[in-house]
Amino acid sequence: EGRIILGYDAKAVNIVASSEQGSEIETFVDVRPLNETQKGLDAEIINKKGISKITDERLYNIVDYEYGPHLLEMRIKGKGFKLYTFTFG
């Protein structure tokens with residue numbers, strides 16, 4: 001388990017990641033939980049939390065929001081999570 005905090009200036013946040021045992025990422029944008037208008041294709045809103053389930057090694061679209069400077073926080077739960085890189089759109 002762990003946490004990643006990253007400032008970025010973009011519209012979309014993607015990660016290339018994997019988890020052999022399956023991990024979940026709870027995502028926050030600008031200190032607030034990810035919501036329906038901010039979530040990327042690989043995020044869902046569960047109990048008012050933005051959750052992405054990481055399994056296979058691939059690109060995950062986590063955030064798709066308005067272009068500009070933002071603060072991203074990812075709280076990782078589960079063993080074996082591997083983050084290879086971020087990409088932005």
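Which backbone nitrogen does the side chain of S19 reach? The legends below answer this and then tour a few more spots in what is a predicted model.

**Figure 1. S19 and its polar partners in strand β1.** The side chain of S19 reaches the backbone nitrogen of G22 at 3.1 Å. A polar contact also links the side chain of S19 to the side chain of S23, at 2.8 Å. S19 belongs to strand β1, which covers residues 2-19. With a relative accessible area of 3%, S19 is buried, because buried means under 20% relative accessible area. Setting aside neighbours within four places in sequence, S19 is in contact with I54, T55, K79, G80 and F81.

**Figure 2. The whole chain, for orientation.** Before moving to the next site, it helps to step back. The protein chain has seven strands and zero helices, so its pattern along the sequence reads β-β-β-β-β-β-β. Its C-alpha atoms fill a box of roughly 35 × 25 × 20 Å along the principal axes. The radius of gyration is 12 Å, which agrees with the value near 12 Å for a compact globule of 89 residues. Of those 89 residues, 38% count as buried. Among contacts with a separation of 6 or more, 81% come from residues 24 or more positions apart. The protein chain exposes about 5200 Å², and carbon and sulfur atoms supply 50% of that area. There are 12 positive and 14 negative side chains, and the centres of the two sets lie 5 Å apart.

**Figure 3. E73 in strand β6, with two arginine partners.** Here we look at E73, found in strand β6 (residues 58-77). Is this glutamate, E73, buried or exposed? At 14% relative accessibility, E73 counts as buried. The side chain of E73 makes a polar contact with the side chain of R75 at 2.8 Å, and another with the side chain of R3 at 3.4 Å. Not counting residues up to four places away in sequence, E73 touches R3, I4, I5, E26, T27 and F28. R3 therefore appears both as a polar partner of E73 and in this list of contacts.

**Figure 4. Y84 in strand β7 and its contact with S18.** Y84 lies in strand β7, residues 81-88. Its relative accessible area is 43%, so Y84 is partly exposed. Which residue shares a side-chain polar contact of 3.2 Å with Y84? The partner is S18. Leaving out residues up to four places away in sequence, Y84 touches V16, A17, S18 and E57. For a sense of spacing, Y84 and R58 are 26 residues apart in sequence and 9.7 Å apart in space, C-alpha to C-alpha.

**Figure 5. Positive phi at D30, in a loop.** D30 is found in the loop between β2 (23-29) and β3 (32-33). Phi of D30 is near 55°, a positive value in a residue other than glycine. D30 counts as partly exposed, at 28% relative accessibility.

**Figure 6. Positive phi at N47, in another loop.** N47 sits in the loop between β4 (44-46) and β5 (49-54). Although N47 is not a glycine, it has a positive phi of about 50°. The relative accessible area of N47 is 70%, so this residue is exposed.

Technical notes. Residues numbered from 1 in each chain as written. Predicted model: local features only at pLDDT ≥ 70, side-chain atom pairs only at ≥ 80, totals over all residues. Heavy atoms only, no water. Helix = DSSP H or I, 4+ residues; strand = E, 2+ residues; numbered from the N terminus. Rg over C-alpha atoms; globule rule 2.2 N^0.38 Å. Buried < 20%, exposed > 50% of the residue type's maximum accessible area, 1.4 Å probe, protein only. Contact = heavy atoms within 4.5 Å. Areas by Shrake-Rupley, 256 points an atom, 1.4 Å probe, with all protein chains shown as cover. Lys, Arg positive; Asp, Glu negative; His and termini not counted. Charge placed at Lys NZ, Arg CZ, Asp CG, Glu CD. Polar contact = N/O pair within 3.5 Å; in protein donor to acceptor, adjacent residues only side chain to side chain.
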